[in-house]
Amino acid sequence: MEKNANTTTDSSSIPEGRQDDVDNAYEFAKQHEIGPLSADDNRRVLKKIDRHLLPMMIAVYTLNFMDKNALSYSANFGLTADNHLVGNQYSWASGSIFYLAYLVSQPVVARLIVKFPIGRVVAIATILWGAVLMTIAASRSFASLMVIRAILGCLESCINPAFIIISAQWWTRDEQPLRISFWYLGNSIGQVCGGLLGYGIAHITNAHVPNWAWFFIIFGAITILYGGFMLYYLPDSPMNARWLSEKDRAIAIERVRSNRTGVENHVWKWSQFKECMLDIQCWILVATFFLDDIPAGGVASFGSIVVKGFGFSTIYSTLLLVPLGVIQAICILFGGYMTKRFKNIRTWLIAGCQIPALIGAVLLYTLPRSNQRGLLGSYYVVQTHGIVGTLTMSLVSSNFAGYTKKATASAMMYVAFCVGQVVAPQLFLPSEAPGYKTAFLAAFICFALCILFTIALRFYLIWENKKRDSIALAEGEASSSGDEFLDLTDKQQKDVFRYVL
């Protein structure tokens, strides 16, 4: 159940207070009073936002996925031999060190995306990680590979938390799940493009540059060029989008007034940080994200190695990664469509998509190694859990109000993500290759626990909403008009803020 404040409120009625405590959209809304939004204006501006912003976010997320997984693509083409990797050193270089760096960067990222313009942060980070990625082509030792991967983890760590904030800036709570599904499709597109590019790059022959190095040279160069474009074109908020007129910027702000989750505020608020750390909903989402990312991390770091272990050739195993992206894309789009079609279905979808993934993990654990097609099919079925990422992120975007609180919750989610990605490669024990029984047993357990946590979250949010309904009924009709941009948290708006399920 969602209950929103009147979206046509006169913003000039907002009581004066400390200007740095309120959202930046507060002053903008006062200066550009546009009155009630017409359906035509709302639809027209939404189309502009979707047409300009979504493709940029999809492209960045695609590059983000391809760049951080380039090591997986190149693993079968001589990278491990040229860098003298032995034992579990590939596990550390491919996933663990990258996500450890990603993890320790999250507190800094949370501060950066509050303190500085979010569009500049994303664009500059993209340029820098593209440049660092290209240097892997020169790596010839485990130590150098670890250092470069750690720097990459730091630079790429801002994208996910920043995109959650951007989604809340531009789209209403009802619109967010589908839009998050769209930009999250970058993972699927990256899986497909990475597999196809990998197949092509594998055929490059050069006496001075090994095959595996071309992955990093080509992917890095593309990323740098696109980062430069974003530096010019990606806005920090609707208030400075160069592709919107002044009137349309005001309409874009008015569209998200009913979210009551804020647009932009560059003041770090420790009270909101503390509230987030004590929020039960946040910790349940963190646990769910962690459990989902242990299986996801294994696919990212060991995808081509696992498929090759089913008995396929080196080049063909790279090509067989393409369907993983297609399956994930179908599931993500299905999830986005269902949230648009039915209200308060997000938690049911998160729990439901774990069931086929759980079955796939059981089959990978139990099927004989001689059943090549059965193993490959089971590996593909596991990818249905890809929908979890988009829907948990949409819950953070929709259910956490207050700019600092949302930034903190986003960072916490990606701390959980990193821990999952660090743990995942360590479950692929070299002694168990090519079956990796421990990894697939862990995936089965994670999927089962994920279902339990999601159902618990749903009933907690239902209870919280009912409690707020009772409070509102007891207090009568409270006037909350004009306070949508005061940078209040969801806990501070109990009379009007209802959680989505």
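Trainee: Which residues does Phe28 touch, leaving out those up to four places away in sequence?

Mentor: With those set aside, Phe28 touches Met239, Glu246, Arg249, Ala250 and Ile253. Keep in mind that this is a predicted model.

Trainee: What makes these count as touching?

Mentor: A contact needs heavy atoms within 4.5 Å, and Phe28 has such contacts with the residues I named, among them Met239 and Ile253. Phe28 itself sits in helix α1, residues 24–31.

Trainee: How do you know whether Phe28 is buried or exposed?

Mentor: The relative accessible area of Phe28 is 9%. Buried means under 20%, so Phe28 is buried.

Trainee: How far from Phe28 is Ser94 in space?

Mentor: Their C-alpha atoms are separated by 45 Å, and the two residues are 66 apart along the chain. Phe485 and Gly262 make another pair to look at: they are 223 residues apart in sequence, and their C-alpha atoms are 5.7 Å apart in space.

Trainee: Where does Phe485 lie, and what makes it buried or exposed?

Mentor: Phe485 belongs to the segment after α20 (437–475). Its relative accessible area is 1%, and the limit for buried is under 20%, so Phe485 is buried.

Trainee: Let's step back to the whole protein. How many helices and strands are there?

Mentor: There are 20 helices and 0 strands. The radius of gyration is 23 Å, close to the 23 Å that the globule rule gives for 501 residues, so the protein is as compact as a globular protein of that length. Along the principal axes, the C-alpha atoms fill a box of roughly 70 × 45 × 40 Å.

Trainee: What share of the residues is buried?

Mentor: Buried residues make up 60% of the 501. As for contacts between residues at least 6 apart in sequence, 85% of them join residues at least 24 apart.

Trainee: Let's take one helix. How do you know that the span of α10 fits what is expected?

Mentor: Helix α10 runs over residues 211–233 and has 23 residues. From first C-alpha to last it reaches 34 Å, close to the 33 Å expected at 1.5 Å a residue. Its buried residues include Trp212, Phe215, Phe219, Tyr226 and Tyr233. Among the elements that cover the buried residues of α10 are α2 (39–68), α6 (118–134) and α9 (176–201).

Trainee: Why is Arg44 with Asp41 called a salt bridge?

Mentor: Side chains of opposite charge can pair when their charged atoms come close. For Arg44 and Asp41 the N to O distance is 3.4 Å, and the cut-off is within 4 Å, so the pair counts as a salt bridge. Both residues lie in helix α2, 3 residues apart, about one turn of the helix. By this rule the count comes to 16 salt bridges.

Trainee: Which pair in helix α20 has a similar arrangement, 3 residues apart?

Mentor: That is Lys467 and Glu464, about one turn of α20 apart. Their side chains meet in a salt bridge at 3.7 Å, N to O. Lys467 has 33% relative accessibility, and values between 20% and 50% are called partly exposed, so that is how Lys467 is classed. Glu464 has 3%, under 20%, so Glu464 is buried.

Trainee: How do you know that Asp469 and Arg498 link distant parts of the chain?

Mentor: Their side chains meet in a salt bridge at 2.8 Å, N to O. Asp469 is in helix α20 and Arg498 is in the segment after α20, 29 residues apart. Arg498 is buried, with a relative accessible area of 0%, whereas Asp469 is partly exposed, with 24%. There is also a network: salt bridges that share partners join Asp41, Arg44, Lys48 and Asp248.

Trainee: One last topic, the surface. Which residues form the nonpolar patch?

Mentor: Tyr365, Leu441, Ile445, Leu449, Leu452 and Phe453 form it, with about 500 Å² of accessible area together. Helix α20 gives the most to this patch, with 5 residues.

Trainee: What makes Phe453 accessible enough to be part of a patch?

Mentor: Phe453 has a relative accessible area of 33%, and patch residues need over 30%, so Phe453 passes that cut-off.

Key. Residues numbered from 1 in each chain as written. Predicted model: local features only at pLDDT ≥ 70, side-chain atom pairs only at ≥ 80, totals over all residues. Heavy atoms only, no water. Helix = DSSP H or I, 4+ residues; strand = E, 2+ residues; numbered from the N terminus. Buried < 20%, exposed > 50% of the residue type's maximum accessible area, 1.4 Å probe, protein only. Patch = residues over 30% accessible without salt bridge, like charges linked within 9 Å, V, L, I, M, F, W, Y side chains within 5 Å. Areas by Shrake-Rupley, 256 points an atom, 1.4 Å probe, with all protein chains shown as cover. Rg over C-alpha atoms; globule rule 2.2 N^0.38 Å. Expected span 1.5 Å × (residues − 1).
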